[in-house]
Amino acid sequence: MKITKLVVASHNDGKVAEIKTLLAPLHIEVQSAKELRLGDVEETGKTFEENAKLKANALSLMCGLPCLADDSGLCIDALDGRPGVYSARYAPNRDFNEGMKMLLKEMDEAEKKTRKAHFACYMALACPNEKVKVFEGRVDGEISEQPRGDKGFGYDPIFIPEGYDKTFAELGDDVKNQISHRRRALEKFIKEFK
């Protein structure tokens, strides 16, 4: 299957920019759901994979084009994997500064005294009249004591990837785009469609 145009099922500008950068070598025209004025799809799945498939299918049907949707989030061991699939909705009004404060407070009060965490990403590609394909990526690390850095988006200021002593928000896009969960899922996607 040859893909020349792709819709990214997201209204998150940071996420869309990251995906566009990572897909640039494929010379695929990438547009976002926001650019095409496609509505949000309610994430009713219980897992990242279910939500990614749900969004990809719904948007592909809306626009008649191949659609790549991801569901990703931060999973913290001390909080039994939370916020997980509720990562974006965990932050009140998607205010991630408030979300980070809440998570750090919960971790201080948690019985498990570990800072281990991971970011998970499941990407689903839905094409008209084709079976949905899913690609998974993960990056392990730990939660910092407080937010650090002003690059990136979401929970990047509190996540320190394994092998580094800086948060994603301190490392910046160049480093993050080489090691992120989204990069690892997209590498599988790229391998499939190269």
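## Exercises on a predicted model

In this predicted model, Lys-15, Glu-18, Ile-19, Leu-22 and Leu-23 of helix H1 are in contact with Arg-182, Arg-183, Leu-186, Phe-189 and Ile-190 of helix H6. By class, this contact between H1 and H6 comprises 6 nonpolar and 4 charged residues, with no polar ones.

**Exercise 1.** Determine how helices H1 and H6 are oriented towards each other, and give the handedness of their crossing.

*Solution.* Two packed helices are described by the angle between their axes and by the distance between those axes. Here the helices concerned are H1, which covers residues 13-23, and H6, which covers residues 181-193. They pack at an angle of about 40°, and their axes are 10 Å apart. An angle under 35 degrees would count as roughly parallel, and one of 65 to 115 as roughly perpendicular; H1 and H6 are therefore oblique to each other. As for the handedness, H1 passes H6 in a right-handed crossing.

**Exercise 2.** Locate Thr-167, decide whether Thr-167 is buried or exposed, and describe its surroundings.

*Solution.* Begin with the position in the chain: Thr-167 belongs to the loop between strand E6 (159-161) and helix H5 (168-179). Next, consider its relative accessible area, which is 0%; buried means under 20%, so Thr-167 is buried. Then turn to the side chain of Thr-167, which reaches the backbone oxygen of Arg-148 at 2.7 Å. Finally, once neighbours within four places in sequence are left aside, the residues in contact with Thr-167 are Ser-144, Arg-148, Asp-156, Pro-157, Ile-158, Phe-159, Ile-160 and Pro-161.

**Exercise 3.** Compare the backbone and accessibility of His-27 with those of Asn-129.

*Solution.* Take the backbone first: phi of His-27 is near 55°, a positive value in a residue other than glycine, and Asn-129, also not a glycine, has a positive phi of about 65°. The second step is to place both residues, His-27 in the loop between H1 and strand E2 (29-32), and Asn-129 in the loop between strand E4 (116-126) and strand E5 (133-143). The last step concerns accessibility, for which exposed means over 50%: His-27 has a relative accessibility of 71% and so counts as exposed, while Asn-129, at 82%, counts as exposed as well.

**Exercise 4.** Which two residues does a cis peptide bond join, and where does Pro-83 lie?

*Solution.* The cis peptide bond joins Arg-82 and Pro-83, with omega about 0°. To place this in the chain, note that Pro-83 lies in the loop between strand E3 (67-76) and helix H3 (87-90).

Note on methods: Residues are numbered from 1 along each chain as its sequence is written. This is a predicted model: local features need pLDDT of at least 70, side-chain atom pairs count only at pLDDT 80 or more; totals for chains, interfaces and linings use all residues. Side-chain values use heavy atoms; hydrogens and water are left out. Axes are lines fitted to C-alpha atoms, for helices over the stretch in contact, and angles run from 0 to 180 degrees between N-to-C directions. Helices (H or I, at least four residues) and strands (E, at least two) are DSSP runs, numbered from the N terminus. Angles under 35 degrees count as roughly parallel, over 145 as roughly antiparallel, 65 to 115 as roughly perpendicular and the rest as oblique. A crossing is left-handed if the near helix is turned anticlockwise from the far one by less than a right angle, and right-handed if clockwise. Contact means heavy atoms within 4.5 Å. Ala, Val, Leu, Ile, Met, Phe, Trp, Tyr, Cys and Pro count as nonpolar, Asp, Glu, Lys and Arg as charged, and the others, Gly among them, as polar. Buried means under 20% relative accessible area, exposed over 50%, partly exposed in between (1.4 Å probe, protein chains only). A polar contact is a pair of N or O atoms within 3.5 Å; within protein, one must be able to donate a hydrogen and the other to accept it, and residues adjacent in sequence count only if both atoms are side-chain atoms.
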